[in-house]
Amino acid sequence: MSPLPSQRALGDLVTDVLREMITGGRFQPGQHLKETELADALKVSRGPIRQALARLEEEGHVELRRHRGAFVSTLTRTDVEEVHTLRGAIERLAAGRACTRMQDAGFAEMDAVLEQMKSVDTKIDPEDAVRLDLQFHDIIYAYCDHGRVQRVWESIRGQVTVFLRARNASFPDFLEVGYSEHKELRDALALGDPQAAQDGIDKHILGAYERLKRLNLPDR
């Protein structure tokens with residue numbers, strides 16, 4: 001692991017690095033994150049590590065246990081239900097607004113992502129499937145013109161990444177449904193009708209939620 005640069009606020013940078021390591025599978029659910037080891041690995045003091053772990057606890061990536069330290073959060077049925085319902089609420093709002101604001105430029109960005117999805121005809125790396133999925137939905141939030149909704153999305157995006165990775169590992173059907181389901185949502189947005197866009201979101205994310213509910217997860 002290479003030393004961190006110092007251009008940005010160190011606490012924010014450490015947070016970004018650790019978040020990426022967690023969502024990228026470098027650390028496993030339930031793994032103990034020891035401050036001294038992280039500080040040595042990232043060549044920083046323990047202060048920025050503590051700041052990062054506190055931030056990651058707020059985002060749901062880490063659990064801070066008194067007298068025991070920090071542990072990578074374990075995916076539970078409660079997590080899935082809470083993040084799904086929150087995402088559904090904000091993405092319905094985002095889609096209803098974005099569909100009247102995207103115009104040609106926004107749909108061109110979306111079509112470029114769809115083209116990447118469509119070009120996959122034999123096999124796709126699970127990480128690429130997650131990246132393309134999130135990239136598509138990022139466009140909706142980018143064009144919704146609602147700063148608070150965008151900030152809420154950023155706060156749960158990492159957890160959605162974890163959920164998508166778990167979903168793709170257990171149900172590797174991206175080749176069958178990745179392009180078609182996102183194209184259907186794109187076409188609903190293109191109608192420019194907020195209700196149609198919101199209905200499209202409801203249908204789209206319900207499928208992923210139903211698959212996640214079939215996983216053998218602890219209740220809490």
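In the next few minutes I will go through the sheet, the helices around it, the contact between the domains, and two buried side chains.

Please keep in mind throughout that what we are looking at is a predicted model.

Let me start with the overall division. The domain assignment of the protein chain gives two parts, domain 1 covering 7-72 and domain 2 covering 77-214, and I will take domain 1 before turning to how the two parts meet.

The sheet is made of three strands, which form an open arrangement in the order 1-3-2 with antiparallel pairing. Strand 1 and strand 2 are the edge strands, since each of them pairs on one side only. On one side, strand 1, residues 32-33, is joined to strand 3, residues 69-72, by two bridges, and these strands run antiparallel; within that pairing, Leu33 has Ala70 as its bridge partner in strand 3. On the other side, strand 2, residues 62-65, pairs with strand 3 over four bridges, again in the antiparallel sense. Here Val62 stands opposite Val72, while Leu64 stands opposite Ala70, so that Ala70 of strand 3 is a residue worth finding on your screens, with Leu33 as its bridge partner in strand 1 and Leu64 opposite it in strand 2.

How many residues lie between strand 2 and strand 3 in the hairpin? There are three, and His67, which sits in that turn, has a positive phi of about 65°.

Now to the helices that accompany the sheet. Helix 3, residues 46-59, lies across strand 1, strand 2 and strand 3, and runs at about 115° to strand 2. Helix 1, residues 10-23, has 14 residues and reaches 20 Å from its first C-alpha to its last, which is close to the 20 Å expected at 1.5 Å a residue. Its buried residues include Leu13, Val14, Leu18, Met21 and Ile22, and Arg19 is also among them. As for what the buried residues of helix 1 pack against, the partners are strand 1, strand 2, strand 3, helix 2, helix 3 and also helix 7, which spans 147-170. Just after helix 1, Gly25 takes a positive phi of about 85°.

That brings me to the contact between the domains, whose C-alpha centres lie 27 Å apart. The contact takes six residues from domain 1 and six residues from domain 2. The area buried between the two is about 440 Å², and carbon and sulfur atoms give 53% of it. Which residues of domain 1 lose the most area to domain 2? They are Thr23, Glu59 and His61, and together they account for 75% of what the domain 1 side buries.

I will finish with two individual residues. Leu75 lies in the loop between strand 3 and helix 4, and it counts as buried because its relative accessibility is 14%, where the cut-off is under 20%. Leaving aside residues up to four places away in sequence, Leu75 touches Val80, Phe163, Ala166, Leu217 and Pro218. Leu75 and Gly60 are 15 residues apart in sequence, and their C-alpha atoms are 9.9 Å apart in space.

The other residue is His84, which is found in helix 4, residues 77-98. Is His84 buried or exposed? At 19% relative accessibility His84 counts as buried, because the cut-off is under 20%. With the same sequence neighbours left out, those up to four places away, His84 touches Ile205, Leu206 and Tyr209.

Conventions. Residues numbered from 1 in each chain as written. Predicted model: local features only at pLDDT ≥ 70, side-chain atom pairs only at ≥ 80, totals over all residues. Heavy atoms only, no water. Pairing = 2+ DSSP bridges. Contact = heavy atoms within 4.5 Å. Axes fitted to C-alpha atoms, helices over the stretch in contact; angles between N-to-C directions. Expected span 1.5 Å × (residues − 1). Buried < 20%, exposed > 50% of the residue type's maximum accessible area, 1.4 Å probe, protein only. Domains from an automatic or database assignment. Buried area = accessible area lost by both parts, 1.4 Å probe.
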